[in-house]
Amino acid sequence: MENKLYFTTQPVVVLDDYRQFKVGFYELLLRDSTTNRFPGQAFFDAISEEDGNEEFLDFSEQQIRVVMQQHDNSDISINLETIQLGYERTYRFLEDVKDIANHVILEITEREYSGQDHALIQFIRYAKRQGFRILLDDVDTHKHINSCVMSRLGIDGVKFSHQMVQQLPFQEVKQRLEQFQEEHQDDDVVMIVEGVNDQRQLEKLFDVGISYQQGFFFSPPNNLGR
């Protein structure tokens with residue numbers, strides 16, 4: 001797998017009151033060695049089988065440790081698809097990296113695979129007990145976990161996809177963010193917005209309370225989006 005795929009990193013930054021930013025953590029982005037893009041269907045085909053999932057997670061563990069060393073033990077996030085959460089090997093992956101659990105953030109992408117609700121909730125509970133932090137990815141397009149369950153499971157944060165920022169009028173983006181803020185005003189949930197490409201977007205998002213941001217504006221231009 002390492003000959004066909006690789007990971008690159010993109011920082012998730014935190015802005016202070018003066019709109020200056022520092023890296024909060026780095027997200028691992030999976031790339032195809034030939035196209036330098038997310039491998040798409042090839043990746044989904046691989047993790048649809050237990051053997052493919054095992055190979056991918058073996059590769060992921062190795063790369064997480066390498067990237068942590070490269071970035072002076074910074075926190076690292078890695079994406080997991082909900083279909084992976086039903087595999088025994090994914091639980092063993094958590095055991096394998098438990099020694100660095102305080103540096104590993106699990107981003108669960110809520111694609112709507114049939115029958116995955118129970119596996120999703122069970123996995124999140126297990127991961128939280130092991131000391132991992134959990135982010136729900138693409139919450140603006142997938143709402144597999146409702147607000148009540150999100151709060152009960154102790155979800156640490158949510159990520160709004162780059163499609164929302166890049167494809168919708170900002171007024172609609174603002175309404176979605178403010179609605180989420182209102183629904184979760186009593187929860188300690190970090191809101192992260194992806195797809196920030198320029199200073200203007202940074203400032204408009206900051207003005208509606210988004211201090212955690214991610215996008216090309218904060219990283220080299222060759223980190224093409226997932």
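# A guided tour from strand S6 to helix H8

Select strand S5 (residues 133–137) and strand S6: 2 bridges pair them in the parallel sense. Two strands count as paired if DSSP finds at least two bridges between them. Helices (H or I, at least four residues) and strands (E, at least two) are DSSP runs, numbered from the N terminus.

The model is a predicted one, in which local features need pLDDT of at least 70 and side-chain atom pairs count only at pLDDT 80 or more, while totals for chains, interfaces and linings use all residues. Residues are numbered from 1 along each chain as its sequence is written, and side-chain values use heavy atoms, with hydrogens and water left out.

**Stop 1: strand S6**

Remain on S6 (residues 157–160) and display its side chains. Both faces of the strand are covered: Gly157 and Lys159 are buried on one side, and Val158 and Phe160 on the other. Buried denotes a relative accessible area under 20%, exposed one over 50%, and partly exposed the range in between (1.4 Å probe, protein chains only). On the S5 side of the pairing, Leu135 has Gly157 as its bridge partner in S6. Next, add strand S7, which pairs with S6 in the parallel sense over 4 bridges. There, Met191 of S7 stands opposite Val158.

**Stop 2: strand S3 and its neighbours**

Now select residues 76–81, strand S3. Since 6 of its 6 residues are buried, S3 is largely enclosed by the rest of the structure. Ile76, Ile78 and Leu80 lie on one face and Ser77, Asn79 and Glu81 on the other; both faces are covered.

Add strand S2 (residues 21–32), which runs parallel to S3 and is joined to it by 2 bridges. Tyr26 is the residue that stands opposite Ile76. Then add strand S4 (residues 104–109): S3 and S4 also run parallel, joined by 6 bridges. Within this pairing, Ile78 has Leu106 as its bridge partner.

Bring in helix H3 (residues 88–96) to complete the view. S3, H3 and S4 form a right-handed β-α-β unit; right-handed here means that, with the strands pointing away from the viewer, the path from the first strand over the helix to the second runs clockwise.

**Stop 3: Thr90 in helix H3**

Is Thr90 of H3 buried or exposed? Thr90 is buried, with a relative accessible area of 0%. Its side chain makes a polar contact with the side chain of Asn53, at 3.1 Å. A polar contact is a pair of N or O atoms within 3.5 Å; within protein, one must be able to donate a hydrogen and the other to accept it, and residues adjacent in sequence count only if both atoms are side-chain atoms. Leaving aside residues up to four places away in sequence, Thr90 touches Asn53, Leu57, Leu80, Gln84, Leu85 and Phe123, where contact means heavy atoms within 4.5 Å.

**Stop 4: Asp51 and Met150**

Move to helix H2 (residues 50–70), where Asp51 is located. Asp51 is exposed, with a relative accessible area of 63%. Its C-alpha atom is 10.0 Å from that of Tyr87, 36 residues away along the chain.

Select Met150 in helix H5 (residues 147–153) next. Met150 is buried, at a relative accessible area of 5%. Between Met150 and Ile121 the C-alpha separation is 9.4 Å, across 29 residues of sequence.

**Stop 5: helix H8**

Finally, select residues 199–207, helix H8, whose buried residues are Gln201, Leu202, Leu205 and Phe206. They span an arc of only 130° around the axis, and therefore lie on the same side of H8; the arc is that of the directions from the helix axis to the C-beta atoms. Arg200 and Asp207 are exposed on the other side. Elements covering the buried residues include strand S1 (5–15), helix H7 (170–183) and strand S8 (212–214).

At the N-terminal end, Asp198 caps H8, with a side-chain oxygen 3.2 Å from the backbone nitrogen of Arg200. After H8 comes Gly209, with a positive phi near 95°.

**The whole chain**

Zoom out: the protein chain has 8 helices and 8 strands. Of its 226 residues, 49% are buried. Among contacts with a separation of 6 or more, 68% are between residues 24 or more positions apart.
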